[in-house]
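Please read this report with the model open. It goes from single residues to the whole chain and back to the core.

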Amino acid sequence: MALTPKKPALTRQEELARRRAAEDDALIREVDDAVRQGDLQSFGKKYGLPLAGAIVLVLVAFAGFLFWQSRQDAAREADGEVLIGALDNIEAGNLQTAYDNLETLAAAERGAASANAKMMRGAILARRGDTEQAVAAFDALAKDASAPQPLRDLALIRKVSAGFDTMDKGAVVTELNALAQPDHPFFGSAAELVAMAQ
């Protein structure tokens, strides 16, 4: 078994040099820490207030966005409830109640919800036998640029269908020609009306 050799004892000069190196390292670390702390304090004094203001501004903007989004969701829910209530009234045979309940939503500019309310009001008019008013309601929706295109196309078909007996047959073909194309979603209904007009 071999014995581990002992480390030779350091001379006094080597010991002093080692201590000085340790003291120098400690001093350098202290100076380094002081410089870093000073840099951080000067950065805080120079940019702290604008940075805090920017953070607060971002948080306020985010909170505003969340509030706006929740209001939009609540409005969509309310619009959906109006439409569902109108459908329930129509199913129960309360056409006038459904028609009246849809008035505010139809007058508002709320995209698809308003367009659906206008479509339902036109359908109620047609169901009651008020053909001229139904045709006018469907025509207004078909020409409403703010309504989604599929609802505008459907309104045009409903308009022609409701007023088919009183319309000029050439006008039927002219109005539905774009929809009576094989690649159009409303091809079947439009092509049938065009064929009947011809």
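Contact here means heavy atoms within 4.5 Å. By that rule, and leaving aside neighbours within four places in sequence, Asp79 is in contact with Leu105, Arg110 and Ala113.

The structure is a predicted model, in which local features need pLDDT of at least 70, side-chain atom pairs count only at pLDDT 80 or more, and totals for chains, interfaces and linings use all residues. Residues are numbered from 1 along each chain as its sequence is written, and side-chain values use heavy atoms, with hydrogens and water left out.

**The overall fold**

The protein chain has eight helices and zero strands. Helices (H or I, at least four residues) and strands (E, at least two) are DSSP runs, numbered from the N terminus. The order of elements is therefore simple to write, α-α-α-α-α-α-α-α from the N terminus on.

How does the radius of gyration of the protein chain stand against that of a compact globule of 198 residues? The chain has 39 Å, whereas the globule would have a value near 16 Å. The radius is taken over C-alpha atoms, and the globule rule is 2.2 Å times the number of residues to the power 0.38. Along the principal axes, the C-alpha atoms fill a box of roughly 120 × 45 × 40 Å.

Of the 198 residues, 25% count as buried. Buried means under 20% relative accessible area, exposed over 50%, and partly exposed in between, with a 1.4 Å probe and protein chains only. The accessible surface comes to about 14,000 Å², and carbon and sulfur atoms hold 59% of it. These areas come from the Shrake-Rupley method with a 1.4 Å probe; for residues, only the protein chains shown count as cover.

Among contacts with a separation of 6 or more, 42% join residues 24 or more positions apart. The chain carries 22 positive and 28 negative charges, whose mean positions are 12 Å apart. Lys and Arg count as positive and Asp and Glu as negative; His and the chain ends are not counted. Each charge is placed at NZ of Lys, CZ of Arg, CG of Asp or CD of Glu.

**Selected polar residues**

Five residues are set out below with their helix and relative accessibility.

| Residue | Helix | Relative accessibility | Class |
|---|---|---|---|
| Glu14 | α1 | 42% | partly exposed |
| Asp79 | α1 | 7% | buried |
| Asn89 | α1 | 16% | buried |
| Asp153 | α6 | 12% | buried |
| Glu175 | α7 | 27% | partly exposed |

Helix α1 covers residues 12-92. Glu14 and Asp88 are 74 residues apart along the chain, and their C-alpha atoms are separated by 98 Å. Asp153 and Ala78 are 75 residues apart along the chain, with their C-alpha atoms separated by 26 Å.

What does Asn89 contact, leaving aside its neighbours within four places in sequence? The partners are Asn94, Leu95, Thr97, Ala98 and Asn101. Under the same exclusion, Asp153 is in contact with Leu179, His184 and Phe186.

Glu175 touches Leu156, Lys159, Val160 and Met167, not counting residues up to four places away in sequence. Gln41 lies 134 residues from Glu175 in sequence and 74 Å from Glu175 in space, C-alpha to C-alpha.

**The nonpolar core**

In soluble globular proteins, nonpolar side chains tend to be buried together. A nonpolar core is a set of buried Ala, Val, Leu, Ile, Met, Phe, Trp, Tyr and Cys residues joined through side-chain atoms within 4.5 Å.

The largest such core has 37 residues, of which Leu102, Ile124, Ile157, Val160, Val172 and Leu176 touch the most other members. Elements that give two or more residues to this core are α1, α2 (95-101), α3 (103-107), α4 (112-128), α5 (131-142), α6 (149-162), α7 (169-176) and α8 (187-197). The largest share, seven residues, comes from α4.

Leu176 touches Leu156, Ile157, Val160, Ala190, Leu193 and Val194, not counting residues up to four places away in sequence.
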